[in-house]
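Visitor: I have a model on the screen and would like to learn how to read it. Where do we begin?

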Protein chains: 2
Amino acid sequence: MRMGEGVEWGLHCCLTLAWLGDDRPVPTARLATWFDLPPAYLAKRLQALVRAGVLASTPGARGGFSLGRPPERITLMDVVTAIEGTDDAFRCTEIRQRGEGGGGALAREFQRPCGVATAMRRAELAWRRELAGQTVADLMAAAPPGAADRTRRTYARMTG
Amino acid sequence: MRMGEGVEWGLHCCLTLAWLGDDRPVPTARLATWFDLPPAYLAKRLQALVRAGVLASTPGARGGFSLGRPPERITLMDVVTAIEGTDDAFRCTEIRQRGEGGGGALAREFQRPCGVATAMRRAELAWRRELAGQTVADLMAAAPPGAADRTRRTYARMTG
DNA sequence: GATGTCTTACTCGGATAGCCGGTGTCCGAGTATGGGCGG
DNA sequence: CCGCCCATACTCGGACACCGGCTATCCGAGTAAGACATC
C-alpha cells in the first residue's frame with residue numbers, strides 16, 4: 001500500500017505558498033524548480049488541489065497558484081483527499097458472499113455490513129481524524145524559527 | 001492509495017480458520033473454492049502469513065493451513081503488515097532538500113525530521129494503533145450468533 | 001504381523017505473463033497582463 | 001492623451017507513452033500420510 005508522491009508535493013507547495021503569503025500568485029514552473037519536480041506533472045496535482053478549493057489559480061500573465069483559504073482552514077485531510085481521492089484504502093469486495101462458503105449463509109445476514117470491512121473502516125477513520133486535526137498553520141508553527149524569512153528571501157533571490 | 005485484495009482474503013481466511021478450530025489443517029484449494037478465489041495466488045498470500053507466524057502450514061498429505069496462534073493473539077495489524085509489508089503508505093522523499101528552495105536552508109536544519117513527514121506519520125500511527133487493538137477474536141465476537149456453527153456445517157458438507 | 005517402500009496429496013519457492021494505475025510529457029484552447037499602435 | 005489591438009505568459013484540460021507493482025498462472029522440488037508389498 002503506497003500513497004502517491006503528489007501528496008508530499010502538494011503539502012510542501014501549500015506550506016511554501018503559506019510562507020510567501022498570497023500577495024502574488026506563484027506559477028507552476030517556479031514551484032517546480034523550487035522543489036526540482038517535473039513541471040507538467042506537478043501542474044496536474046495543483047489543479048486537483050484547485051478543484052478541491054485548497055488552492056486558487058489565477059490565469060493569464062503574472063498568474064499562478066495561491067492558497068484558496070487561510071492556512072488554519074486547510075487540513076492535511078483536505079490535501080490528501082484532493083490528490084488521492086476519497087476512496088478508502090481497504091475496499092470490501094464482499095468475498096464472504098461468494099463461493100461455497102457464502103452459500104450456506106442466509107441472505108438476511110448479508111444485509112448487515114461485513115465485520116472485516118467494519119473493523120478496517122474503524123482504523124481508517126482514526127487515520128482520517130488525525131489528518132483532519134492538523135492544518136497547514138500547525139505545520140508552520142512546528143517549523144524551526146526563521147523558516148518564513150528564509151523562504152521569502154530565497155524566493156526573492158530566485159525571482160529577482 | 002489502495003490496499004491490495006490480499007488483506008481482505010487473509011482476514012477472511014483467518015476468520016474462517018478460527019471458526020473451524022485447528023483440529024485439522026485446511027488446504028489452499030478448499031479455501032479458494034470457499035471464497036471463489038484463484039488458488040495459486042491465494043497460496044502466495046497465505047505463505048506470507050506463514051512467514052509472519054500468523055498461520056502455520058503443515059506439508060504433506062492431509063496438510064494445509066491452520067492458525068499459528070490463538071485468535072486473541074492475532075491482530076489485524078499482523079495480517080496487514082504480513083501481506084502489505086511494513087513500509088509506511090506515505091514516504092518522505094525529502095523534496096524539501098532538493099531544488100533551489102532547499103539551497104537556501106542550512107544543512108543543520110535537515111538533521112531534524114521533515115515536519116510534513118512527521119505529521120503524516122502521526123496519522124499512520126493512529127491507523128496502526130487501531131489495527132493493533134483489534135484481534136481476530138474480536139471479529140468472531142462481533143459476528144452474528146450462529147456463524148461458527150454454520151461455518152462448520154457448511155465446511156463439513158463440502159468435505160463430506 | 002512388522003517393516004520398508006511406493007503412491008498420493010499437499011506445500012513451498014521461483015519463474016513468468018498480463019494488466020492496471022501512477023508517473024511523466026506534450027499540445028491546443030482559454031484568459032489576463034502589459035506594451036504598442038492609431039486616433 | 002485616450003482607447004483599441006496584439007503579443008506574451010500563464011492556466012486549463014485532454015491525449016498519449018512509460019513503467020512499476022499488483023494480479024494471476026504454472027511448474028518442479030520437497031515432505032508427510034496412507035496404502036501396498038515383502039519378509
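Guide: We take confidence, then the protein contact, then the two DNA strands.

Guide: This is a predicted model, where local features need pLDDT of at least 70, side-chain atom pairs count only at pLDDT 80 or more, and totals for chains, interfaces and linings use all residues. Residues are numbered from 1 along each chain as its sequence is written, chains are lettered from A and ligands numbered from 1 in the order in which they are written, and side-chain values use heavy atoms, with hydrogens and water left out.

Visitor: What is the mean pLDDT of chain A?

Guide: pLDDT is the predictor's confidence in each residue, from 0 to 100. Where it is low, the predicted coordinates should not be read in detail. Chain A has a mean of 93, and 97% of its residues reach 70 or more. Helices (H or I, at least four residues) and strands (E, at least two) are DSSP runs, numbered from the N terminus. Within chain A, H5(A) has the lowest confidence, a mean of 80, and H6(A) the highest, 98.

Visitor: How many residues does each chain bring to the contact?

Guide: Contact means heavy atoms within 4.5 Å. Chain A brings 52 residues and chain B brings 52 residues. Buried area is the accessible area (1.4 Å probe) that two parts lose on being put together, summed over both. Here that comes to about 4,900 Å², with 63% of it on carbon and sulfur atoms. A:Met1, A:Glu8 and A:Ile95 supply 16% of the area that chain A buries against chain B, more than any other three residues.

Visitor: How many salt bridges and polar contacts are there between chain A and chain B?

Guide: A salt bridge puts a side-chain nitrogen of Lys or Arg within 4 Å of a carboxyl oxygen of Asp or Glu. The count between the chains is 0. A polar contact is a pair of N or O atoms within 3.5 Å; within protein, one must be able to donate a hydrogen and the other to accept it, and residues adjacent in sequence count only if both atoms are side-chain atoms. There are 20 residue pairs in polar contact between chain A and chain B, both residues at pLDDT 80 or more. On the side of chain A that touches chain B, H6(A) gives the largest share, 11 residues.

Visitor: Which residues come nearest to DNA strand D?

Guide: Near means that a heavy atom of the residue lies within 4 Å. Of 24 residues around strand D, the nearest are A:Thr28, A:Ser57, B:Glu5, B:Pro38 and B:Tyr41. A side-chain N or O atom of B:Tyr41 is 2.8 Å from a phosphate oxygen of strand D. A polar backbone atom of B:Glu5 is 3.0 Å from a phosphate oxygen. A backbone N or O atom of A:Gly60 lies 3.5 Å from a sugar or linking oxygen. Of the strand D atoms within 4 Å of the protein, 61% belong to sugar or phosphate and the rest to bases.

Visitor: And which come nearest to DNA strand C?

Guide: Of 23 residues around strand C, the nearest are A:Pro38, A:Tyr41, B:Pro27, B:Thr28 and B:Ser57. A backbone N or O atom of B:Thr28 lies 2.8 Å from a phosphate oxygen of strand C. For B:Gly60, a backbone N or O atom is 3.5 Å from a sugar or linking oxygen. A base nitrogen of strand C is 3.4 Å from a polar backbone atom of A:Ala61. H3(A) gives the largest share of this surface, 3 residues.
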